[in-house]
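Here are some short exercises to work through with the model open beside you. Try each task before reading its solution.

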Amino acid sequence: MAKLTKKQKEAASKIEKNKLYTLKDAAALIKVVASAKFDESVDIAVRLGVDPRKANQMVRGVVTLPHGTGKDVKVLALVTPDKEAEAKEAGADYVGLDDYLQKIKDGWTDVDVIITMPSVMGKLGPLGRILGPRGLMPNPKTGTVTMEIAKAVAEVKAGKIDFKVDKTGIIHAGIGRISFEADKIVDNAHEIIQTLIKLKPTAAKGTYIKSIYLTSTMSPAIALDPKAV
């Protein structure tokens, strides 16, 4: 096991072992224990009482964070020429079609979200092995395959994120930056937690939200009380 640095030990000492914090207290504490010289990302990890191997217990969705993610999300709009102006005006960083399809085929994936149209999805199929593992394949369920290109681009730029339970039953999501005020971290975390509660599969039995942890890029995890969020 790697040794903790002096800063990491100091940060860990400020978090009480075995204590479950309220969301409000955890958001305030995470700002105290963060010690990196850069603006750390604030992430949430929620362990759900589901079996992701079963289709009727898969949890996936989208949420628009009230205060955004604090990250400059790079958006690629793969659209036909008649939609290019719309995508650019909405703030897409890259706009085009065949030229970008070729770039992706050659290995380029320097974007965070890809938004496209239903008629273009056929061309993206062969690129699944490149886009899939990186979580970049557009999906109608997350609003990234649509004819409303401007709306989709604007929402992603404003803080709309998609999430999916992993094979261990955990949802991971970036919900802000350490530079955010604690109240904004609370609002963003609350929004995604409430969204998860609404998405509870009817097939899920027992405790649905088993644990919640708040972390920043370089700090120890802070355990939240699932009943106090």
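**Exercise 1.** In this predicted model, find which residues Ile175 touches, leaving out residues up to four places away in sequence.

*Solution.* Start with the partners that come before Ile175 in the numbering: Val42, Asp43, Ile44, Leu65 and Gly68. Then add Phe180, Ile185, Asn188, Ala189, Ile192 and Leu214. Next, place Ile175 in its setting: the largest nonpolar core has 38 residues, and Ile175 is among those that touch the most other members, along with Ile44, Val46, Leu48, Ile185, Ile192 and Leu214. Elements that each supply at least two residues of this core include strand E1 (41-48), strand E7 (170-177) and helix H8 (182-198). Finally, look for a second, separate core: it has 29 residues, including Val73, Val120, Leu124 and Leu131.

**Exercise 2.** Work out how the chain is divided into domains and how many residues each gives to the contact.

*Solution.* The domain assignment lists domain 1 as 15-69 + 160-224 and domain 2 as 75-156. Their centres, taken over C-alpha atoms, lie 27 Å apart. Domain 1 brings 4 residues to the contact and domain 2 brings 6.

**Exercise 3.** Describe the interface between domain 1 and domain 2 by area, then by polar links.

*Solution.* First, the area: about 520 Å² is buried, with 47% from carbon and sulfur atoms. On the domain 1 side, Arg60, Val62 and Lys160 lose the most area, together 84% of what that side buries. Then count the links: there is 1 salt bridge between the domains, and 2 residue pairs are in polar contact. Last, look at Lys160 again: Lys160 pairs with Glu155 in a salt bridge whose closest N and O atoms are 3.1 Å apart.

Key
Residues numbered from 1 in each chain as written. Predicted model: local features only at pLDDT ≥ 70, side-chain atom pairs only at ≥ 80, totals over all residues. Heavy atoms only, no water. Core = buried A, V, L, I, M, F, W, Y, C linked by side-chain atoms within 4.5 Å. Buried < 20%, exposed > 50% of the residue type's maximum accessible area, 1.4 Å probe, protein only. Helix = DSSP H or I, 4+ residues; strand = E, 2+ residues; numbered from the N terminus. Contact = heavy atoms within 4.5 Å. Domains from an automatic or database assignment. Buried area = accessible area lost by both parts, 1.4 Å probe. Salt bridge = Lys/Arg side-chain N within 4 Å of Asp/Glu carboxyl O. Polar contact = N/O pair within 3.5 Å; in protein donor to acceptor, adjacent residues only side chain to side chain.
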